[in-house]
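Got your viewer open and the cartoon drawn? Let's take a walk through this protein, one selection after another.

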Amino acid sequence: MLFPLLPMLLPMLSPLLLVDVVLLAGGTVHSLVPGEEPVVADLLVEDGRIAAIGADLSAPPGAERLDCTGRHLVPGLIDGLVHFDREHDAFYLAHGVTSVRDAGGEQVRLLAERMPRARERTPGPFLVTAGAVLDGDPPATPRAGIVRNADQARALVPLLAENGADFISIHTNLGLDAYRAIVELAHERELAVWGPRPAAVPFETALELGQDGFLGLDALLPEGTAWHGTTEGLGAALGGRATSLAAAEVGVVPLLAATHARLAAPDDAALARLAGLDEDYEVWWRGEWEARRRLIQDPSVLSAARAALDRQSAFAATLVAAGVELVPGSGAPNPWLFPGAALHDELARWSAAGLDTGLILASATRGAASALGQAAERGQLTVGRVADILVVSGDPTDSLASLRSPEIVVVRGTVLERDELDEVVETARAESAARRREKSAELIVDAPDLPEGHVVLSGRVHTTALERTVTAERFAVVRTEEGSIVYVARVVYPDEEGLRRVMHVSQTIGANGRLQGFEIRVTSGNDLLVAEGIFVAGSLRVRRRLNDLPVQIDSTRERVRAIDVGSVTTVLALGQLEETSEFPVMVFGETLEPQVANWTQGRDARGVWQVTTHRGRQAYQLDELGAPAQVQVVEGRALRTTLLDERDAYGGPGLPPPAWDLSPAAVEAEAPRPEDDDVPDDDVPDDDVPDDDVPDDDGDGR
């Protein structure tokens with residue numbers, strides 16, 4: 001979600017680390033400046049930047065001197081596509097990755113993590129981020145900002161620019177008009193546009209309108225073709241597209257390692273490394289492997305998948321020969337793409353495709369810096385540039401292998417030798433183990449604050465995702481003397497980064513079935529974020545504040561039926577609707593920014609509600625008392641399941657849903673999605689052949 005008050009988050013971040021003056025003496029300096037040959041020299045780092053390069057430099061008094069004789073100095077590596085998670089900082093640095101570009105996700109956290117004080121905490125790689133990704137309706141990833149038309153683009157793109165996004169990230173479900181407006185507005189603000197090519201935008205149109213870069217080779221396939229299908233005429237068509245891309249100066253992140261990772265079972269080493277990541281990743285990755293296992297055990301499927309990778313690799317070489325700028329990106333931490341290591345896996349696939357080692361090194365440094373808008377700051381070893389430097393044992397122009405485990409990493413002037421790098425990795429793994437223990441503990445949640453009135457129903461639910469409990473919630477339904485119904489809940493989240501996050505939500509529905517007012521209070525540590533709304537004079541007015549500071553006042557004249565903030569109060573309220581139709585819901589994200597979205601719902605023959613939302617779909621069932629027996633939410637490839645733990649109607653009837661005619665004829669007429677007549681139970685796509693498009697997620701890779 002979009003949030004303009006990032007400076008308020010800065011007090012929560014750790015202070016900057018002190019940077020020493022360092023002399024790296026006697027190494028072979030690979031400047032990566034075009035035309036310059038490697039030279040044995042000293043390199044002086046001062047105030048986080050390269051101060052001098054030359055023979056027999058004199059260091060200032062008190063400077064640290066590191067003997068690099070016989071070793072090689074190269075610029076820090078740059079990963080052009082990650083889904084950033086700060087818990088992976090140590091893994092990136094340990095593999096010599098000093099800069100990463102995030103594709104967009106949870107904007108507040110990403111833009112806060114980009115701040116210098118946050119980057120020096122571990123320390124971690126320099127972060128370039130879009131903040132949020134923009135997509136159509138429904139979005140391909142659940143945390144995307146939805147842009148249905150050009151008007152919404154004109155509202156969101158300037159806000160992203162104002163919040164400090166480094167570029168604009170797009171996804172596959174954008175419509176043509178929205179896409180056109182996004183590209184135009186981004187370029188007016190000198191922001192590049194990167195992403196997969198939206199399905200509604202032809203390749204030629206994307207080039208004409210000026211998309212700056214494509215993520216994944218699928219964006220370049222001619223219509224009606226596939227990597228694993230017929231190859232007749234495909235080579236010529238791809239060659240023509242390579243020429244067009246070069247002429248338009250459009251960059252490409254090929255993601256070859258992502259395809260390669262799907263062709264084999266995870267080995268013991270991969271499973272051991274996986275145990276060092278957060279539990280969410282282990283559940284996700286193991287689930288991906290179980291879903292893929294039967295595919296690669298089929299010789300014909302595996303053969304087709306390998307042939308697809310060979311064609312993609314050959315096309316990558318064609319792109320380079322045509323003059324297209326390839327940008328190495330790992331796609332980490334999607335399944336079996338380990339942060340840091342996956343970039344080296346990608347570079348190895350480029351080498352296997354026949355690309356020159358020197359070109360690969362230049363692409364991972366100088367070329368990637370240019371693609372990220374950092375050409376003046378990073379990617380070369382020259383005086384004045386940021387001191388992101390690797391010291392490695394072997395000549396990287398002969399072999400890229402020594403880059404995987406650098407002996408020294410200098411990140412923005414801070415020196416980490418190999419033993420220190422290993423130490424920060426072990427610390428990260430220990431912290432991951434501690435988080436696993438915390439998340440395994442049962443979530444304790446108190447009863448919510450109740451308004452005046454008669455409590456007709458209360459209970460407790462818990463929600464799981466990837467086989468892990470992500471929230472526990474106690475709810476209550478209160479009937480007031482005025483005849484309104486108030487749905488209240490307290491939601492508790494697992495501790496994260498030492499903070500306990502609790503949300504209290506209350507929404508009041510009038511006798512006419514319309515929302516009269518609501519309150520949302522989210523506490524996280526010492527911070528309190530509040531959103532309040534009241535329907536008055538034909539308008540729903542919404543006020544937000546962070547602690548004691550006002551944030552924003554919004555209003556809408558739409559007759560909203562309910563609010564949605566990830567609580568069961570929403571389905572409790574919607575389950576009382578007496579008709580099926582499209583209706584507006586006010587939706588709130590991480591920062592409680594309101595957005596009105598249209599939902600539809602209807603019940604199938606079993607009495608299960610099937611709901612089409614702005615982000616995907618839901619299925620839920622209320623029991624005879626009106627309590628939520630089960631709720632399942634599908635957004636993109638993510639699945640959340642909410643189950644009822646207990647409920648109490650205090651001897652009364654509760655709040656049973658209205659009677660419905662569930663005859664086949666009525667269901668046929670009423671249900672908005674009759675094909676979805678079952679509660680969704682699988683969030684893994686059943687593809688015949690693994691493709692090369694890395695699945696997107698919520699920005700932190702989960």
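Here is a tour in five stops, starting with the whole chain and then zooming in.

**Stop 1: the whole thing**

Keep everything selected for a moment, and bear in mind that this is a predicted model. The protein has 702 residues, and 56% of them count as buried. Colour by secondary structure and you'll be looking at 16 helices and 32 strands. Contacts that span the sequence show up a lot here: of those with a separation of 6 or more, 65% link residues 24 or more positions apart.

**Stop 2: a three-stranded sheet**

Next, select residues 77-82, which are strand S6, along with 97-102, which are strand S7, and 126-129, strand S8. Together these make an open sheet in the order S6-S7-S8, with parallel pairing. S6 and S8 are the edge strands, each pairing on one side only. Look at how the neighbours sit: on average they are turned by 20° against each other, ignoring direction.

Now zoom in on the S6 and S7 pair, which is joined by four bridges. Which residue of S7 is the bridge partner of Val82? That's Asp102. Add residues 357-371 to your selection and helix H13 appears, packing on the sheet. H13 touches S6 and S7, and its direction makes about 50° with that of S6.

**Stop 3: a residue tucked away in a helix**

Select residues 176-188 to bring up helix H5, then pick out Ala178 within it. Is Ala178 buried or exposed? Its relative accessible area is 1%, so Ala178 is buried. Show the side chains around it: leaving out residues up to four places away in sequence, Ala178 touches Val147, Arg148, Asn149, Ala150 and Ala153. For a distance to try in the viewer, go from Ala178 to Leu134, C-alpha to C-alpha: these two are 44 residues apart in sequence and 9.7 Å apart in space.

**Stop 4: two helices crossing**

Hide that and select residues 234-248 for helix H7 and 299-322 for helix H11. A pair of packed helices is described by the angle between their axes and the distance between those axes. For H7 and H11, the angle is about 40° and the axes are 9 Å apart. Angles from 35 to 65 degrees fall in the oblique range, so H7 and H11 are oblique to each other. The crossing of H7 past H11 is right-handed.

Switch on side chains to see who makes the contact. From H7 come Leu238, Gly239, Ala242, Thr243, Leu245 and Ala246, while H11 brings Phe315, Thr318, Leu319 and Ala322. Colour these by class and you'll find seven nonpolar residues, three polar ones and no charged ones.

**Stop 5: a hairpin and its neighbour**

Finish with residues 582-588, strand S27. S27 is mostly covered, with six of its seven residues buried. What does S27 pair with? Add residues 562-564, strand S26, which runs parallel to S27 and is joined to it by three bridges. Ile563 has Met586 of S27 as its bridge partner.

Then add residues 594-603, strand S28, which pairs with S27 in the antiparallel sense over seven bridges. Look for Phe588, which stands opposite Pro594 of S28. S27 and S28 form a hairpin, with five residues between the two strands. One last click: Leu592 in that turn, which has a positive phi of about 60°.

How values were computed
Residues are numbered from 1 along each chain as its sequence is written. This is a predicted model: local features need pLDDT of at least 70, side-chain atom pairs count only at pLDDT 80 or more; totals for chains, interfaces and linings use all residues. Side-chain values use heavy atoms; hydrogens and water are left out. Buried means under 20% relative accessible area, exposed over 50%, partly exposed in between (1.4 Å probe, protein chains only). Two strands pair if DSSP finds at least two bridges between them. Axes are lines fitted to C-alpha atoms, for helices over the stretch in contact, and angles run from 0 to 180 degrees between N-to-C directions. Angles under 35 degrees count as roughly parallel, over 145 as roughly antiparallel, 65 to 115 as roughly perpendicular and the rest as oblique. A crossing is left-handed if the near helix is turned anticlockwise from the far one by less than a right angle, and right-handed if clockwise. Contact means heavy atoms within 4.5 Å. Ala, Val, Leu, Ile, Met, Phe, Trp, Tyr, Cys and Pro count as nonpolar, Asp, Glu, Lys and Arg as charged, and the others, Gly among them, as polar.
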